[in-house]
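Open the model in your viewer and keep the sequence panel visible. This tour goes stop by stop, with something to select at each one.

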Amino acid sequence: MDYKDAGVNIEEGYRAVEKYRDLAAATRNRAVLGGLGSFAGMYSLKELIDSGIGSGGAPMEDPVLVSGTDGVGTKLDVAFRMKKYDTVGIDCVAMCVNDILCHGAKPLFFLDYLACGKLDAGIAADLVKGVARGCAETGTALLGGETAEMPGFYDEGKYDIAGFAVGIVDRKDIIDGSGIRPGDALLGIASSGPHSNGFSLIRKVLPDLDEDFGGMPIGMALLEPTRLYVKPVLRLMETVNIRGMAHITGGGFYENIPRMFASPMDAMIRNGSWTIPPIFARIAYGAGDAEQGSAAARLRGDEAQRRGAEMLKNDGGLRQRMFNTFNMGIGFVLAIAPGDIPGAIEILDSQGYPAWEIGRVAEAAGKTGGVRFE
């Protein structure tokens, strides 16, 4: 018995790496040393600092590396069932680079980890194609990664993907929430849907991925990739003093917005300040209580969406659970001075990122602070 008889196809791995090579090369810059296939990826700090790659061309006084790691989660199951593999790699990159952006860091490089039961070079290449696209759109170099074939551990046809990003920021420019004050405005930037969070719930309440949703299968709508906020927010930082940032991921509003505060404060969110996208109404309908859940088994499409929108307005418990799980249409939140709101919205809108003033910062009503709706 050889390795192939045990279920590991080395030749398929070689074919996958060849497909990755050009994808990674398209994301390189002059600070990247070596090529794909080495034992490790290398990035020249001297080249970085001398050329100002990580700081818009200006030299840094005290460069600080900022790192983040994440995966795609059970959204991958939707990709497998829809047989569409080229977008979830974007999610993997976005979940990492959006996190490090919260501290004002520009992402420098990214590495991925891909695991499966039986490797298919074409599927693997589609997954990495999404990674490369996410890297290219954020100016991040894809240095390499790992593809692991583990027969008997992962089911055949199933893949997992995760990664990590490293970015850089001048110490004096680190955004850590220490400058946030009561009275600051909260600016919300639109999400593209659920992004890559809440899919363990979504998969239970939306079992039929072929259900019509605005003229497409709802499974395809759910695969809309996580928005990449790096370029518009970095541009905004050039003209606006951003005092705090939050990436709205797992845990929704209640968990993530308070993470931007350096000391206990309340985020006062103004109801109705933005329109909740229809996909969340459809999820809410399926996620109702037991009686409503039985109805969810009957209603589909536009009627289920309409009913879900009514439930979000009238069922405070369901609304709170939804905001505690999903981004509800707001994928990134900034704390800025109220006078900067009009200019910030204009800059973001001009780049295709709709934004709204969604609330304000207030003194904490309790010892720990949190999120309150008004």
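Start with L114: its bridge partner in β5 is T147. Strands and helices here are DSSP runs, numbered from the N terminus (helices are H or I with at least four residues, strands are E with at least two). This is a predicted model: local features need pLDDT of at least 70, side-chain atom pairs count only at pLDDT 80 or more, and totals for chains, interfaces and linings use all residues. Residues are numbered from 1 along each chain as its sequence is written, and side-chain values use heavy atoms, with hydrogens and water left out.

**Stop 1: strand β4 and its partners**

Select residues 106-116, which make up β4. Now add residues 141-149, strand β5. The two run parallel and are joined by 8 bridges. Two strands count as paired if DSSP finds at least two bridges between them. Also pick D112, whose bridge partner in β5 is G145.

How does the chain cross from β4 to β5? It passes through helix α5, residues 121-138, in a right-handed β-α-β crossover. Right-handed means that, with the strands pointing away from you, the path from the first strand over the helix to the second runs clockwise.

Next, show residues 159-170, strand β6. β6 is antiparallel to β4, with 10 bridges joining them. Click A115 and find its bridge partner D160 in β6.

Is β4 mostly covered or mostly open? It is mostly covered, with 10 of its 11 residues buried. Buried means under 20% relative accessible area, exposed means over 50%, and partly exposed is in between (1.4 Å probe, protein chains only).

**Stop 2: the four-strand sheet**

Zoom out to the open sheet around β4. Its 4 strands come in the order β3-β6-β4-β5, with mixed pairing. β3 (63-71) and β5 stand at the edges with a single partner strand each, so one side of each has no neighbour in the sheet. The twist averages 15 degrees from one strand to the next. Angles run from 0 to 180 degrees between N-to-C directions, using axes fitted to C-alpha atoms, for helices over the stretch in contact.

Now show helix α4, residues 88-101. α4 packs on the sheet and touches β3, β4 and β6 (contact is heavy atoms within 4.5 Å), and its direction makes about 30 degrees with that of β6. Add α5 again: it lies across β4, β5 and β6, at about 170 degrees to β4.

Color residues 63-169 as one block. UniProt, in an unreviewed entry, places the feature "domain: PurM-like N-terminal" there. Such annotations may be inferred rather than shown by experiment; feature names are shortened, and positions follow the numbering used here. The end C-alpha atoms of this span lie 6 Å apart. The span is 37% helix and 37% strand.

**Stop 3: the six-strand sheet**

Move to the open sheet with the order β10-β12-β7-β13-β11-β14. Its 6 strands have mixed pairing. β10 and β14 (370-373) are the edge strands, each with a single partner. Neighbouring strands are turned by 25 degrees against each other on average, direction ignored.

Select β12, residues 330-336, together with β7. They pair in the antiparallel sense over 6 bridges. G188 stands opposite V333 in β12.

**Stop 4: salt bridges**

How many salt bridges does the model hold? The count is 17, a salt bridge being a side-chain nitrogen of Lys or Arg within 4 Å of a carboxyl oxygen of Asp or Glu.

Show D77 and R203: their side chains meet at 3.1 Å, N to O. D77 is in helix α3 (residues 75-82) and R203 in helix α6 (residues 199-205), 126 residues apart. D77 is buried at 16% relative accessible area. R203 is partly exposed at 29%.

Next, R243 and D184, with closest N and O atoms 2.4 Å apart. R243 sits in the loop between α8 (230-237) and β10 (244-247), and D184 in the loop between β6 and β7 (185-190), so the pair ties together parts 59 residues apart in sequence. D184 is buried at 4%, while R243 is partly exposed at 23%.

Last pair: E303 and R306, also bridged, with closest N and O atoms 2.4 Å apart. Both lie in helix α12 (residues 301-314), 3 residues apart, about one turn of the helix. Add R307 and E310 to see a salt-bridge network of E303, R306, R307 and E310.

**Stop 5: helix α10**

Finish on residues 278-286, helix α10. Here 8 of the 9 residues are buried, so the helix is largely enclosed by the rest of the structure. Among the buried residues are F280, R282 and Y285.
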